[in-house]
Amino acid sequence: MSKTYVLEVHPYKKKRKPFGSGYEKYSTYWRFKGEESLVRARASYLKKKGYKTIFYPEKHIRSNIYRALYFRTHKPDALGKYHCVYCGKRLKESQVTVDHLIPVSAVKYDKRLQRKITYSGVNSPKNLVAACFDCNSRKGASTARIWRIKAALGKHRWVFVLRNILIVCLIAAAVIFLYLTLCVHFPEYSIFDMPRPE
Ligand SMILES: [Zn+2]
C-alpha cells in the first residue's frame, strides 16, 4: 500500500482553482491528499499548466494539535514550569511557544530532510521543543545545526544551572582581578595592608 501524500498547489500567476476534484482551499493555496502516484501525476500536470506545486508525505503536514501533543508528552518541572531549550528562560505553560525543531516549512521543500526524519513525522514529540517567544522568532525557519545542538543541550535543566554558575564565577573572577589591579596601583585602597592606627 502506498503512503498518503499531500499536494500543495500555489496559484503563482494563475488565480483559478486547479482542475480536478478533492482540492481544499487554504489561505493562499489549494491542498490535495491522495496516494503518492496520483499526487505525483497531478503535480507534474499542474506544473506544466503554470502552477507552483510541492508535495510531501502526509506525516510532515503541520498538525493542528501539536501544541496539545507537546504538553501531553512533556511534563513541567516540580514547580509546574517549562523552560526554553534555547536560552533556559523559565516559562508558564501559557508563555511556551512550542517549536518544531526541524521546521515544518523546511521539511516540505527538502527531500533530504524528509528522509532524515525517521520518527513519526514532523509533529512527532521528538521534534517538538518548548521555546520562549523571542528564541522562537529568532530561530524562525532556520535549519542551522546550532539550533539542534542548543536544543539537545537545553533539554537538560542542569546545563543552564551550570551556565549560570559559570557566569557568576566569571563575574566574581573579573571583580577580584580588577580589585587586585587597583590595589597594586593604589595601595591605600587595599584592605589587606591597611595602615594601623597609632
Ligand atoms: Zn528562549
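1. A good place to start is strand E8, residues 128–131, which is covered on both faces. Leu128 and Ala130 are buried on one side, and Val129 and Ala131 are buried on the other. In a regular strand, side chains alternate between the two faces of the sheet. Please keep in mind throughout that this is a predicted model.

2. The partner of E8 is strand E7, residues 97–100; the two run antiparallel and are joined by four bridges. If you want a spot to centre your view on, Val98 stands opposite Ala130 of E8.

3. From Val129 you can step across to Gly154. These two residues are 25 apart in sequence, with 9.6 Å between their C-alpha atoms. Gly154 belongs to helix H6. Is Gly154 buried or exposed? Gly154 is buried, because 22 other C-beta atoms lie within 10 Å, and 20 or more is the cut-off for that label. Leaving aside residues up to four places away in sequence, Gly154 touches Val85, Tyr86, Gly88 and Val159.

4. Helix H6 as a whole (residues 145–154) repays a look down its axis. Trp147, Lys150 and Gly154 are its buried residues. They fall within an arc of 65 degrees, so they line one face of the helix. Arg145 and Ile149, on the other side of H6, are exposed. The buried residues of H6 pack against helix H5 (133–139) and helix H7 (157–185).

5. H7 itself is hardly covered: of its 29 residues, the count that are buried is zero. Does its length fit a helix, and what span should we expect? At 1.5 Å a residue, H7 should span 42 Å, and its end C-alpha atoms are 43 Å apart, which agrees.

6. Now for the other end of the chain, where there is an open sheet of four strands. Its order is E2-E3-E1-E4, and the pairing is antiparallel. E2 and E4 (52–57) are the edge strands, as each pairs on one side only. Strand E1 (residues 4–10) runs antiparallel to E4, with six bridges between them. Within that pairing, Leu7 has Phe55 of E4 as its bridge partner.

7. Helix H1, residues 36–48, goes with this sheet. Its 13 residues should span 18 Å at 1.5 Å a residue; the end C-alpha atoms are 19 Å apart, which agrees. Val39, Arg42 and Leu46 are the buried residues of H1. They cover an arc of only 70 degrees around the axis, which puts them on the same side of H1. Elements covering these buried residues include E1, E3 and E4. The face turned away from the buried side carries Ser37, Ser44, Lys47 and Lys48, which are exposed. After H1 comes Gly50, with a positive phi near 95 degrees.

8. One loop residue makes a handy marker. Tyr26 sits in the loop between strand E2 (24–25) and strand E3 (30–35). Tyr26 is exposed, because it has 11 other C-beta atoms within 10 Å, and the label applies at 12 or fewer. How far apart in space are Tyr26 and Tyr189? Their C-alpha atoms are 72 Å apart, with their positions 163 residues apart in sequence.

9. That distance leads on to the overall layout. The domain assignment gives domain 1 (4–60), domain 2 (66–155) and domain 3 (160–189). Taken over C-alpha atoms, the centres of domain 1 and domain 3 are 62 Å apart. The C-alpha atoms of the chain fill a box of roughly 105 × 40 × 25 Å along the principal axes.

10. Last, some totals for the chain, which has seven helices and eight strands. Its radius of gyration is 27 Å, well over the 16 Å that the globule rule gives for 198 residues, so the chain is more spread out than a compact globule. Buried residues make up 19% of the 198. Of the contacts with a separation of 6 or more, 69% are between residues 24 or more positions apart.

Conventions:
Residues numbered from 1 in each chain as written. Predicted model: local features only at pLDDT ≥ 70, side-chain atom pairs only at ≥ 80, totals over all residues. Domains from an automatic or database assignment. Pairing = 2+ DSSP bridges. Arc of directions from axis to C-beta. Contact = placed C-beta atoms within 7 Å. Rg over C-alpha atoms; globule rule 2.2 N^0.38 Å. Expected span 1.5 Å × (residues − 1).
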